[in-house]
Amino acid sequence: MNVYGEGYEIVEGKIRDLQEQRKVLVDLVVELFHQVEELETRLDELYRSCEEEKWF
């Protein structure tokens with residue numbers, strides 16, 4: 001019975017590790033999404049600025 005308990009603890013630990021890795025990946029994707037939004041905003045502002053100065 002002890003063998004099953006140790007195996008369960010190993011699997012439980014691996015599940016926790018995978019959950020933590022998933023959380024880190026999700027956090028990175030969210031941060032990347034925010035940076036892309038910020039970049040889009042900045043590009044839009046630059047485009048409008050160029051239009052006002054009639055660069056194109």
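**View 1. Gly 13 lies in helix α1.** Helices here are DSSP runs of H or I with at least four residues, strands are E runs of at least two, and both are numbered from the N terminus. Gly 13 is buried, with a relative accessible area of 17%; buried means under 20%, exposed over 50% and partly exposed in between, using a 1.4 Å probe and protein chains only. If you look along the chain to Leu 25, twelve residues from Gly 13, the two C-alpha atoms are separated by 18 Å.

A word on the model before we go on: this is a predicted model, in which local features need pLDDT of at least 70 and side-chain atom pairs count only at pLDDT 80 or more, while totals for chains, interfaces and linings use all residues. Residues are numbered from 1 along each chain as its sequence is written, and side-chain values use heavy atoms, with hydrogens and water left out.

**View 2. Arg 16 and Glu 12 are joined by a salt bridge.** The term stands for a side-chain nitrogen of Lys or Arg within 4 Å of a carboxyl oxygen of Asp or Glu, and here the N to O distance is 3.4 Å. Both residues belong to helix α1, which covers residues 2-52, and they sit four residues apart, about one turn of the helix. Glu 12 has 32% relative accessibility, so it counts as partly exposed. A search of the whole structure finds three salt bridges, and the other pairs follow in Views 3 and 4.

**View 3. Lys 23 and Asp 27 form a salt bridge of 3.1 Å, N to O.** Helix α1 holds both partners, with a spacing of four residues, or about one turn of the helix. Lys 23 is partly exposed at a relative accessible area of 45%, and Asp 27 is partly exposed as well, at 41%.

**View 4. Arg 48 pairs with Asp 44 in a salt bridge.** Their closest N and O atoms are 2.1 Å apart. Once again the partners lie in helix α1, four residues apart, about one turn of the helix. Arg 48 is partly exposed, with a relative accessible area of 45%, and Asp 44 is partly exposed with 34%.

**View 5. Val 24, Leu 25 and Leu 28 make a nonpolar surface patch.** The patch comes to about 280 Å². Patches are made of residues with over 30% relative accessible area and no salt bridge; nonpolar side chains (Val, Leu, Ile, Met, Phe, Trp, Tyr) are joined within 5 Å, and like charges within 9 Å. Areas come from the Shrake-Rupley method with a 1.4 Å probe, and for residues only the protein chains shown count as cover. Leu 28 is found in helix α1 and is exposed, with a relative accessible area of 53%.

**View 6. The protein chain has one helix and zero strands.** Its radius of gyration is 24 Å, well over the 10 Å that the globule rule gives for 56 residues, so the chain is more spread out than a compact globule. That radius is taken over C-alpha atoms, and the rule is 2.2 Å times the number of residues to the power 0.38. Along its principal axes the C-alpha trace spans about 80 × 10 × 5 Å. Buried residues make up 4% of the 56 residues.
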